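User: I'm new to this structure and would like a close look at one part of it. Could you pick a helix and walk me through how it sits against its surroundings?

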Amino acid sequence: MKYTDHELQEHELNFWVNSYNPPFFHIDFYKQFFDFKNLVGKKVVDIGCGGAPISDYCGVNGINLTIVDPLIDNLIKHPKYEHLKKYNYFSNSLFDFTEKNYDFLICLNVIDHFNDPQYSVIDKFSDILSENGELWLYYDLRTKDDGDHLMIDNGKNN
């Protein structure tokens with residue numbers, strides 16, 4: 001099934017408003033790969049955070065965090081997400097985000113939500129990061145479109 005951007009966004013909004021309840025269920029998994037203490041005092045952007053930006057669940061204070069997600073304007077209308085207003089936030093797509101020079105760009109379980117896999121996501125990430133910035137990227141590999149997570153062909157057979 002081919003999903004429209006609108007259908008994907010509606011599905012994702014429904015998840016955050018009606019299904020998601022803290023604590024964040026992937027944090028122990030992510031801690032195996034990423035040392036969140038490295039973010040302290042750094043300029044960090046969390047792309048596609050939904051209702052759970054990294055500073056809410058990583059157990060680290062002192063992160064200079066910007067959050068970017070097309071759903072933020074809709075999420076902050078709900079009481080459980082009013083706290084998102086405390087961040088520097090942008091309620092738009094990654095491709096409409098124009099800020100630059102971040103020390104860390106975090107994109108966890110997001111790029112598999114893009115409807116058009118031909119987008120040059122990594123090129124856009126490099127535009128956002130400072131010259132010595134770090135990209136923390138994680139995504140699900142799926143062999144077929146599955147609800148709101150789209151297949152990413154890694155060229156390998158399972």
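Analyst: Here is a walk around helix α5 and the sheet beside it.

A quick word on the ground rules: this is a predicted model, where local features need pLDDT of at least 70, side-chain atom pairs count only at pLDDT 80 or more, and totals for chains, interfaces and linings use all residues. Residues are numbered from 1 along each chain as its sequence is written, and side-chain values use heavy atoms, with hydrogens and water left out.

Let's set the scene. The protein chain has five helices and five strands (helices are DSSP runs of H or I with at least four residues, strands are runs of E with at least two, both numbered from the N terminus). Going from the N terminus, the order is α-α-β-α-β-α-β-β-α-β. Of the 158 residues, 41% are buried, meaning under 20% relative accessible area with a 1.4 Å probe, protein chains only.

Now for the helix. α5 covers residues 121-128, and its buried residues are Val 121, Lys 124, Phe 125 and Ile 128. Looking down the axis of α5, these fall within an arc of 105°, so they line one face of the helix; the arc is that of the directions from the helix axis to the C-beta atoms. As general background, an α-helix has 3.6 residues a turn, so residues three or four places apart point the same way.

What lies over that face? The cover for the buried residues of α5 includes β1 (43-47), β4 (102-108) and β5 (129-138). Those strands belong to an open sheet of five, ordered β3-β2-β1-β4-β5, with parallel pairing (two strands pair if DSSP finds at least two bridges between them). β3 (88-90) and β5 stand at the edges with a single partner strand each, so one side of each has no neighbour in the sheet. Neighbouring strands are turned by 20° against each other on average, ignoring direction.

Zooming in on that β5 edge, six bridges join β4 to β5, and the two run parallel. Tyr 102 stands opposite Leu 129 in β5. α5 itself packs on the sheet by touching β1, β4 and β5, and its direction makes about 135° with that of β5. Here contact means heavy atoms within 4.5 Å, while axes are lines fitted to C-alpha atoms, for helices over the stretch in contact, with angles from 0 to 180 degrees between N-to-C directions.

Notes: Buried < 20%, exposed > 50% of the residue type's maximum accessible area, 1.4 Å probe, protein only.
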